[in-house]
Amino acid sequence: MDLGIAGKWALVCGASKGLGLGCAQALSREGVNVVMVARGAEVLEAAAAALRVPGGPQIHAVAADITTTQGRAAVFALRQDFDIVVTNAGGPPPGDFRDWDRDAWIRAVDANMLTPIELIKATVDGMAARGFGRIVNITSSAVKAPIDILGLSNGARSGLTGFVAGVSRSRLAGQGVTINNLLPGAFDTDRLRGTAVGAAQKSGQTIEAVLDARRKTIPALRFGTPAEFGTVCAFLCSTHAGYMTGQNVLVDGGAYPGTY
């Protein structure tokens, strides 16, 4: 299927590895010019280099912390206008809510709610003026099925979800701009394995035993891959998804048990 977005410009955050990289890879395959942002310069440049092909789309790497004012300024110094924006920031650490102070909450809200809002604010009017725009926020399946130890993520990402529910249905919808949230379940990423390490240390099990037990809770009996997540993202960014906005698209191998 031709997604109809060749030649467009995309900003992909957290793009050096994991789900962000999967999105950057899928968009570049469709001929989209991609500005990749992540904090680790060396890993980011290696990821960007792998996407650069002769005659292919432009691939730029900006080593910056997108959750800061300075980081966002570095991105917009390279390019002001984007047709596609994929927001993505690492989730806050798990833990017991009794241990989180105000600063922990502010960091979580700043990274996982306010940063996407700032990126939306900076780009949607240009999208609307051109008659095309796609914003995809990578959030979490925990927005639909909260996980007790991920309270910081549950709260901050739910705040973003509520904001998007309103702004996606504003006049922007009639100007060709869609805003959707993409909710990953368990994907084979560094974050998943990092969480498994913590669980293994607590339970006394091996990391592989913890991962195997987690797989068995998923109807698909496996973890998702960043590549297949990126493909879903690319479709949401396509011309074919113009009638989808304000949606929370769950990609979790059937793990969510609800009907709605």
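**Helix packing and sheet order in the predicted model**

Helix H4 passes helix H5 in a right-handed crossing, the near helix being turned clockwise from the far one by less than a right angle. The structure is a predicted model, in which local features need pLDDT of at least 70 and side-chain atom pairs count only at pLDDT 80 or more, whereas totals for chains, interfaces and linings use all residues. Residues are numbered from 1 along each chain as its sequence is written, and side-chain values use heavy atoms, with hydrogens and water left out.

H4 (residues 102-130) and H5 (residues 151-167), which are DSSP runs (H or I, at least four residues; strands E, at least two) numbered from the N terminus, pack at about 25° with their axes 9 Å apart, where axes are lines fitted to C-alpha atoms, for helices over the stretch in contact, and angles run from 0 to 180 degrees between N-to-C directions. H4 is therefore roughly parallel to H5, a label for angles under 35 degrees. In contact (heavy atoms within 4.5 Å), residues of H4 including Trp-105, Met-113 and Ile-117 meet residues of H5, among them Leu-152, Arg-157 and Phe-163.

An open sheet of 7 strands follows the order E3-E2-E1-E4-E5-E6-E7 with parallel pairing, two strands being paired if DSSP finds at least two bridges between them. Strand E3 (59-63) and strand E7 (248-251) stand at the edges with a single partner strand each, so one side of each is left without a neighbour in the sheet. Strand E1 (residues 9-13) is joined to strand E2 (residues 33-38) by 5 bridges, with Trp-9 opposite Asn-33.

Technical notes: Angles under 35 degrees count as roughly parallel, over 145 as roughly antiparallel, 65 to 115 as roughly perpendicular and the rest as oblique.
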